[in-house]
Amino acid sequence: MKKTYLYLIVAVGLIMMSCSGGGDDSDETQMPEENTAPTVPIQVYPLNNAICINNNIVFVWDASTDAEENRITYTVEISENNSFSPISKIETSASLSKLISLEKGKAFYWRIKATDNKSAASAYSPAMQFLTEGDGVSNHVPFAPSLVAPALNSEVDGTSTTLIWSASDADGDPLTYDVYLDTNSDASTKVSENQSETNYNATGLSAASTYYFKVVVRDDKGGVSIGQVWSFTTK
């Protein structure tokens, strides 16, 4: 009878040990490591306001870093305006350069981002503008104007504001501007023509309205660039 009781105690102990799971390690849940995006690549060539003599351009950038050391590919976007809509070309590369052929005698913008092999992508680099040389062309079109004020999609006090922009020309030609401003999304109403100032005082605006404006820049040799449409609202 004592032996039977002893066997029973041992059996119960073995069952309890088997139910314990064999230790604490099996109770721990292994969490997957978080994947982080690569750093933003740094553009090397062409830099801002560059004039590319050849329209077959080798775009160059510095390598991004990836905390998990994942494989990285780079996406280059090229557009004829700094809003990148529409995009003229999209190219990818696993190296730090890419040969891309573009139209001659045009102004372009380019930017780049890095994506790892787990689909985590960096932000885009800043947009860089450049020109491609035309055949026998001694004049380059002006660069499209850049917005200074008011900030894009911002709200302005009152019913007047000063529109301010900047523009440049690779040849240093004098520039004039046509300003378009209205409540249509394509900004089709010309409010000023052939002005030399890079600002326009907009008055008599309606309250609680969204306004759209764009600037067309011309040099004295017939070169023309049309800026993108910007917008702001009044209180």
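Over which residues does pLDDT stay under 50? That stretch is residues 5-12, and the model has zero contacts for it beyond four places in sequence. This is a good thing to know at the outset, since what you are looking at is a predicted model. For the chain as a whole, the mean pLDDT is 86, and 84% of the residues reach 70 or more.

Let us take in the overall picture next. The chain has 17 strands and one helix. It counts 235 residues, of which 37% are buried. Among contacts with a separation of 6 or more, 64% are between residues 24 or more positions apart. On the outside, the chain exposes about 13,400 Å², and 52% of that area comes from carbon and sulfur atoms.

Now step into the interior. The largest nonpolar core has 17 residues, and those touching the most other members are Phe59, Trp61, Val76, Ile78, Leu102, Trp110 and Phe130. Several elements give two or more residues to this core: strand E2 (50-52), strand E3 (56-62), strand E4 (72-79), strand E7 and strand E8 (128-132). There is also a second, separate core, made of 16 residues, with Tyr177, Leu205, Tyr211 and Val215 among them.

Aromatic rings are a helpful guide through the model. The structure holds eight aromatic pairs. One of them joins Tyr211 and Phe232, whose rings are stacked, with 5.9 Å from centre to centre and 15° between the planes. This pair links distant parts of the chain, as Tyr211 sits in strand E15 and Phe232 in strand E17 (residues 230-234), 21 residues apart. Both partners can be checked for burial. Tyr211 has a relative accessible area of 8%, so it counts as buried. Phe232 is buried too, because its relative accessibility is 0%. Elsewhere, ring pairs join Phe59, Phe108, Trp110 and Phe130 into a cluster.

Strand E7 deserves a pause. Arg111 lies in this strand, which covers residues 107-116. What does the side chain of Arg111 make a polar contact with? Its partner is the side chain of Glu77, at 2.9 Å. Arg111 has other company as well: setting aside neighbours within four places in sequence, Arg111 is in contact with residues including Gln43, Thr75, Val76, Phe84, Tyr124, Ser125 and Pro126.

From there, move along to Ser209. This residue is found in the loop between strand E14 (199-202) and strand E15 (210-219). Is Ser209 buried or exposed? Ser209 counts as buried because its relative accessibility is 18%, and the limit for buried is under 20%. The side chain of Ser209 reaches the backbone oxygen of Ala207 at 3.0 Å. Leaving out residues up to four places away in sequence, Ser209 touches Phe232, Thr233 and Thr234. Another residue to locate from here is Thr159: its C-alpha atom is separated from that of Ser209 by 9.4 Å, with the two positions 50 residues apart along the chain.

The loop that holds Ser209 also holds Ala208, again between E14 and E15. Ala208 has a positive phi of about 50°, although it is not a glycine. With a relative accessible area of 66%, Ala208 is exposed, because exposed means over 50%.

Ala208 brings us to the backbone. Most residues other than glycine have a negative phi, and most peptide bonds are trans. Against that background, a few more places are worth finding. Asn153 has a phi near 65°, a positive value in a residue other than glycine. Asn153 lies in the loop between strand E9 (146-149) and strand E10 (154-156). Its relative accessibility is 56%, so Asn153 counts as exposed.

Two cis peptide bonds complete the tour. One joins Tyr45 and Pro46, with omega at about -5°. Pro46 is in the loop between strand E1 (42-45) and E2. The other runs from Ser85 to Pro86, where omega is near 5°. Pro86 belongs to the loop between E4 and strand E5 (89-93).

How values were computed: Residues are numbered from 1 along each chain as its sequence is written. This is a predicted model: local features need pLDDT of at least 70, side-chain atom pairs count only at pLDDT 80 or more; totals for chains, interfaces and linings use all residues. Side-chain values use heavy atoms; hydrogens and water are left out. Helices (H or I, at least four residues) and strands (E, at least two) are DSSP runs, numbered from the N terminus. Buried means under 20% relative accessible area, exposed over 50%, partly exposed in between (1.4 Å probe, protein chains only). A polar contact is a pair of N or O atoms within 3.5 Å; within protein, one must be able to donate a hydrogen and the other to accept it, and residues adjacent in sequence count only if both atoms are side-chain atoms. Contact means heavy atoms within 4.5 Å. pLDDT is the predictor's confidence in each residue, from 0 to 100. Accessible areas come from the Shrake-Rupley method with a 1.4 Å probe; for residues, only the protein chains shown count as cover. A nonpolar core is a set of buried Ala, Val, Leu, Ile, Met, Phe, Trp, Tyr and Cys residues joined through side-chain atoms within 4.5 Å. Rings of Phe, Tyr and Trp (its six-membered ring) pair if their centres lie within 6.5 Å; planes under 30 degrees apart count as stacked, over 60 as edge-to-face and the rest as tilted.
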